[in-house]
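Got your viewer ready? Let's take a walk through this one, one selection at a time.

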Amino acid sequence: MVSLPRPAPPLVDAHYVLPLKWSDDEDLPGLAAYLAEVVRWLPVTVVDGSAEELFQAHRRALPGAVRLLRPEPWPGANGKVAGVMTGVRRAAEERIVLADDDVRYTRDALAAVVGLLAEAELVRPQNYFLDLPWHARWDTGRTLLNRALGGDYPGTLGVRRSALLGAGGYDGDVLFENLELIRTVTAAGGRQIRALDVLVGRVPPCAAHFAGQRVRQAYDDFAQPGRLAVELTWLPVLLWSARRPLRVAGLCLLVCAVAEAGRRRAGGRRVYPASTVLWAPVWVLERSVCVWAALGARWRGGVPYAGARLRTAGHSRAALRRRLRERQASGAGTHGERREPGGRHRPPEGTAPGGGEQGGMLSTLIE
């Protein structure tokens, strides 16, 4: 008699939150099939800001065990923040996995993030593309460079519910909402783990969506002034080198060497093919132009978003700490629901033992 493998046990004290706002349902079958797997491992809440017709279609297509909610009011123009905060507030569990609609966890990766939340208030895994059309290879070049210099910003985070709610949530009037969430939690004293070895798959966007995000992603660097200043020098350097092919070749080799270091870091070779390193110079060329276009958007009042313009990419750590001190002084408190994480503590990679992030010059450029 052949014994069938027993289903994996559910993850304890964890909840999966997915903010959603779609204009069409082309990707609905794939998302529904994925969530049918995830809901076997932990409770799932989808916070859906789509139009009513699409919302009802999602209710019919998604597994019955998935809780489907409308976003609750939250200050700010960035609807994703309202979706995240609705899901976090409505969850009963302490360990929350936040994920965009294109993120595809395996159970092992999900268990790794949930487990690391026993040691820190925020966990930052790393994404890779499950398929590699040309534009996904292009964007992977950026990922590799970021991994070499400290860590990429993924479309998913793990966060302790009490830490985020205790900080009063995070600002909904920023463009780079993931960075704002990370900085809010760490400004409140939360510890961050950059889980460079926890590699989570992601479905690549269509080429048109990728092209439409180039200037917007460059605008995110206004939240990282050190990185912005470096990237603004790239175009002048490239123009200076243009008449000397050897200079251009040397710069390309340097960029590829940094990207290869990011590919090899923390087991990245398992998911990042060697050929993606060659796309890193292409991404540098793109960013050297788009960062100047982002500067022009700044002068015009910000990046277009949901019928308005968002001027603020993200707040500095100093500004967020000041805001938290003001909340404390007003009696609102900052950690009203916070519990100390269980388990043995080891200082997470890239964080100081007492909370807050350490950082040399290179990691500061991408933070």
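## Stop one: an enclosed space

Select P19, K80, V84, L98, A99, D100, G155, T156, L157, Y170, N178 and L181: together they line the largest cavity. Colour them by class and you get seven nonpolar, three polar and two charged residues. Now show the helices and strands behind them: α3, β4 (95-99), β7 (156-160) and α7 (177-187) are the elements that each give two or more residues to this lining. How much space lies in the largest cavity? About 70 Å³. And the structure holds one cavity of 30 Å³ or more. Rolling a probe the size of a water molecule over the atoms shows where empty space is left. Keep in mind as you look around that this is a predicted model.

## Stop two: helix α3

Next, select residues 79-90, which make up helix α3. Try your distance tool on its two end C-alpha atoms: they are 17 Å apart, which agrees with the 16 Å that 12 residues should span at 1.5 Å a residue.

Is this helix enclosed or not? Nine of its 12 residues are buried, so α3 is largely enclosed by the rest of the structure. To see which ones, pick out K80, V81, A82, G83, V84, M85, T86, G87 and V88. You have met K80 and V84 already, in the lining of the largest cavity.

Go to the N-terminal end of α3 and select N78, which caps the helix there. One of the side-chain oxygens of N78 lies 3.1 Å from the backbone nitrogen of K80.

Stay with α3 and click on V88. Its relative accessibility is 0%, so V88 counts as buried. What does V88 touch? Setting aside neighbours within four places in sequence, the contacts are V17, I96, L98, R161, L164 and L165. L98 is another name from the cavity lining. Then add R160 to your selection: V88 and R160 are 72 residues apart in sequence, yet 9.3 Å apart in space, C-alpha to C-alpha.

## Stop three: the loop before α13, and the helix itself

Move along to the loop between α12 (245-264) and α13, where you'll find T276. Buried or exposed? T276 has a relative accessible area of 0%, so it is buried. Show what is around T276: leaving out residues up to four places away in sequence, it touches L132, R137, T140, G141 and L144.

The loop between α12 and α13 also holds A266. A266 has a positive phi of about 50°, although it isn't a glycine. Most residues other than glycine have a negative phi, and most peptide bonds are trans. With a relative accessibility of 32%, A266 counts as partly exposed.

Follow the chain into helix α13, residues 280-299. Its 20 residues should span 28 Å at 1.5 Å a residue, and the end C-alpha atoms are 29 Å apart, which agrees. Just after α13, select G301, which takes a positive phi of about 110°.

## Last stop: back towards the start

Finish at D13, in the segment before β1 (14-20). What is the phi of D13? It is positive, about 55°, although D13 is not a glycine. D13 is at 30% relative accessibility, so it counts as partly exposed.

Notes. Residues are numbered from 1 along each chain as its sequence is written. This is a predicted model: local features need pLDDT of at least 70, side-chain atom pairs count only at pLDDT 80 or more; totals for chains, interfaces and linings use all residues. Side-chain values use heavy atoms; hydrogens and water are left out. Helices (H or I, at least four residues) and strands (E, at least two) are DSSP runs, numbered from the N terminus. The expected span of a helix is 1.5 Å times one less than its number of residues. Buried means under 20% relative accessible area, exposed over 50%, partly exposed in between (1.4 Å probe, protein chains only). A polar contact is a pair of N or O atoms within 3.5 Å; within protein, one must be able to donate a hydrogen and the other to accept it, and residues adjacent in sequence count only if both atoms are side-chain atoms. On a 1 Å grid over the protein atoms alone, a cavity is a set of points where a 1.4 Å probe fits but cannot get out, and a pocket is an open set with protein on both sides within 12 Å along at least five of seven lines; lining residues have an atom within 4 Å of a point. Grid points are joined across faces, edges and corners, and a volume is the space filled by probe spheres set on the points. Ala, Val, Leu, Ile, Met, Phe, Trp, Tyr, Cys and Pro count as nonpolar, Asp, Glu, Lys and Arg as charged, and the others, Gly among them, as polar. Contact means heavy atoms within 4.5 Å.
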